[in-house]
Amino acid sequence: MKILKYFILLLLTFTQCAKKIEKPIQPSIIPLPNFQNITEGVFLLSNNTHITGDQELSLVIDYFQSYLKTNLRISPNSLQKKTQVLFSIDEKINNDEEYHLSITEKDIQIKSKTAKGAFYAVQSLIQLLPTNNDTKEIAIQCLEIKDKPEFAYRGMHLDVARHMFSISFIKKYIDVIASLKYNTFHWHLTEDQGWRIEIKKYPKLQEIAAFRDETLIGHYNDQPQEYDGIRYGGYYTQKEIKEIVQYASERFVEIIPEIEMPGHSQAAIAAYPELGCTGEKVEVATKWGVFDEVYCPSETTFKFLEDVIDEVIELFPGKYIHIGGDETPKTKWKNSTFCQELIKEKNLKDENGLQSYFISRMEKYINSKGKQIIGWDEILEGGLAPNATVMSWRGNEGAIKGAKEHHNVILTPLSHCYFDYYQSENENEPLAIGGFLPLEKVYSFNPIPEELTKEESKYVLGAQGNVWTEYMKTPEKVEYMAFPRAIALAEVLWSKPDHKNFEDFKNRLIQFQDRLTSKKVNFANHLYEVSGNLGRNEDNKLMYSLSSATKDAQIRYTLNGNNPTENSNVYTKPIDINETTTIKAASFKGANKISNIHQNRINLHKAVGKNITLSVEPNESYNAGGKQALINGISGSNKRYGDKEWLGFFGDDITITIDLDSITTINSIKTRFYNGNGQWIYAPQKLSIKFDNTEKQTFNINNEGLLVDFQAKLKNAKAKTIKIEIPNFGVIPKGRQGGGYRAWTFIDEILIE
């Protein structure tokens, strides 16, 4: 009897232990591996697992063991070799970042050419592990992976000059991007609003340039502008920077420091006025934008910058120094006798040539120290420095020009890579600088411009996501804006283009977001958010379609102005639109609403759904709704121009032609323009309207206020075709944001009554 009880107890013990072994996580790795084959069986990871490998990979082995102990409370150290994880160097592998990961029931083998490749294998392996653990053994799905990146440069950026963040947060940021196989952290350290790096030879940079008297409250476009009256600032000591550089190095992330020149330098000039063109005292900037204060290209300035670079180089062992070069107003140079004489002395064409001289001189010095420079695409103006790498941000044009001239280029266009833009049209989204960049658009990005030949494409090193922090005061806000868009970009840069599939990515992202939650990352979750589009069915009748990014939830909607509940209409097919209608919709799981409410009022005016043509295409960054957005019955946001309904044009005169199908009586034409001058956006001063073959009528526009309404009241005009000519505002006056550049034009719905 005692023996029977013993066996029953033993059987129960084994059963309980077996129950504690969780099912293996189904592989949902981000970025998607080049080759992945899932096989039968599981590997059991436990304290009885032996981890070993080649000495060259000891850093990665230690990292993996530390991760298991800290996050999963497992310390594999057994010498029994019941199961083992083996790291080894394989000289047959060509790419330094390539890895082969093989998981069988008996062992896990990681092969790579370098420690970097092994580190990326570990990042994939970690995604096969749970985020927490209370068992003695963890089941890992057996599989085989062979993987390497598409692009050599995979970067994420962070601006710490507008708002500064703690050392612990910088480490957390590096941890997350490293887990996504990014290999570069672009650290934006100096700006008009603050200097964030200790330079021992110039103590006033720490005493004066690192602090501003106060900070703008709300958006730049708010009128009147308000300030908080609180002194703000700080800087990273050289000791702290070394700590961060070492931390990043252990995660195979190279840090590229950015020291802005010749523009965005007002903070430094506030500390040392002799660096400017007038020598007059200025203050560290307290609001955002572009400022006329720029470095004067004098020997005093070059000596200062060379001394700064000397200290920077000692802190950052990587290949590159980023020198900015963007948004450099030439006003001070044009008014400077010294600068004008220097242009003549150096036989330069103009102030653009002077900028090229400035960049080339600094590049030569930086090259002499064994480093290469990267600059924003403005460094192309006046002629490119001979060895410079171009970081193209204003579109693809800079990258195309640079690559055709056989310069290395990095793509980071506003249209796909600026994570300070809004990522949702919901009115409750936190304040952002403007623009509209949803997750799917990031994922659709192709870093190789179509205009490049196969040979020219070799000069494209990769791409980068940018996080500018004018409107990001806290680490939580940075995380919300950066993730998950940085996750989408990570897959763009690592995975093969023909393997990409947004539906599949979203499913894998759901699992990855659980990992972000475990790391206490405040990511934005818009996967269940509802969006809508107006179109026509096969019978040419207007209909409104609803959709969400994921299919595992139910969309419910109302047409009576009430918020949707679990009892509201279930969306199964497009909604017929026969009259002016307000639609509200949300995603539900059971009785629980799991998304914000999507709301649109469709004003069924006479142009809705008709044919429209534009003389010029909207800018790629502001064309989310396409040309039909101008006559789809849906008005844009009153708070921002970054949604699907506002269309943006950069510097162009625009002719809009609307075909109403038949002769129609017209009593009124209404539209409105965004007038955010701080963003270089100006409402036009006039527009013209022409009906069929009649003479055009010109109307003046009172372009005051942030939103400028226009209405042409007519007396029973009749026409089939309406042509609206909208001249661009023109060149922005000097002294204003964007002075010297042509203005943006932003147009909302055109209502034909």
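Colleague: Where is Asn347 found?

Modeller: Asn347 is in the loop between helix 10 (337-345) and helix 11 (351-368). Helices here are DSSP runs of H or I with at least four residues, strands are runs of E with at least two, and both are numbered from the N terminus. Keep in mind that this is a predicted model: local features need pLDDT of at least 70, side-chain atom pairs count only at pLDDT 80 or more, and totals for chains, interfaces and linings use all residues. Residues are numbered from 1 along each chain as its sequence is written, and side-chain values use heavy atoms, with hydrogens and water left out.

Colleague: Why is Asn347 called exposed?

Modeller: Its relative accessibility is 71%. Exposed means over 50% relative accessible area, buried means under 20%, and partly exposed is in between (1.4 Å probe, protein chains only). Asn347 is past the exposed cut-off, so the label fits. Its phi is also near 55°, a positive value in a residue other than glycine.

Colleague: What is phi of His406 near, and why is that residue called exposed?

Modeller: Phi of His406 is near 65°, again a positive value in a residue other than glycine. His406 lies in the loop between helix 12 (397-404) and strand 19 (409-411). Its relative accessible area is 52%, so it passes as exposed.

Colleague: How do you know whether His219 is buried or exposed?

Modeller: His219 comes out at 9% relative accessibility, which is under the buried cut-off, so buried it is. You'll find His219 in the loop between strand 12 (216-217) and strand 13 (226-227).

Colleague: What makes the pairing of His219 with the backbone nitrogen of Asn221 a polar contact?

Modeller: A polar contact is a pair of N or O atoms within 3.5 Å; within protein, one must be able to donate a hydrogen and the other to accept it, and residues adjacent in sequence count only if both atoms are side-chain atoms. The backbone nitrogen of Asn221 lies 3.1 Å from a polar atom of the His219 side chain, so the distance passes.

Colleague: Why do Glu97 and Lys116 count as a salt bridge?

Modeller: The rule asks for a side-chain nitrogen of Lys or Arg within 4 Å of a carboxyl oxygen of Asp or Glu. In the pair Glu97 and Lys116 the closest N and O atoms are 3.7 Å apart, so it qualifies. Glu97 lies in the loop between strand 3 (83-89) and strand 4 (99-103) and Lys116 in helix 3 (residues 115-126), so the pair ties together parts 19 residues apart in sequence. Glu97, at 7% relative accessibility, is buried, while Lys116, at 25%, is partly exposed. By this rule the count comes to 31 salt bridges.

Colleague: What makes Glu98 a residue with no salt bridge?

Modeller: The nearest side chain of opposite charge, Lys148, is 4.7 Å away, so that pair misses the distance limit. Glu98 is nevertheless buried, in the loop between strand 3 and strand 4. Its side chain does have a polar contact of 3.2 Å with the side chain of His100.

Colleague: How do you know that Arg672 and Asp748 are bridged?

Modeller: Their N to O distance is 2.7 Å, so the salt-bridge rule is met. Arg672 lies in strand 33 (residues 654-674) and Asp748 in the loop between strand 37 (744-747) and strand 38 (751-752), so the pair ties together parts 76 residues apart in sequence. Arg672 and Asp748 are both buried.

Elsewhere, salt bridges that share partners join Asp159, Arg162, Glu191 and Glu470 into one network. Within that group, Arg162 and Asp159 have their closest N and O atoms 3.0 Å apart, and both residues are buried.

Colleague: What makes Glu620 fit for a surface patch?

Modeller: Patches take residues with over 30% relative accessible area and no salt bridge, joining like charges within 9 Å and nonpolar side chains (Val, Leu, Ile, Met, Phe, Trp, Tyr) within 5 Å. Glu620 has 46%, so it clears the area cut-off, although it is labelled partly exposed. Glu620, in the loop between strand 31 (611-614) and strand 32 (647-650), forms the negative patch with Glu397, Glu450 and Glu451. Asp and Glu count as negative, Lys and Arg as positive, and His and the chain ends are not counted.

Technical notes. Areas by Shrake-Rupley, 256 points an atom, 1.4 Å probe, with all protein chains shown as cover. Charge placed at Lys NZ, Arg CZ, Asp CG, Glu CD.
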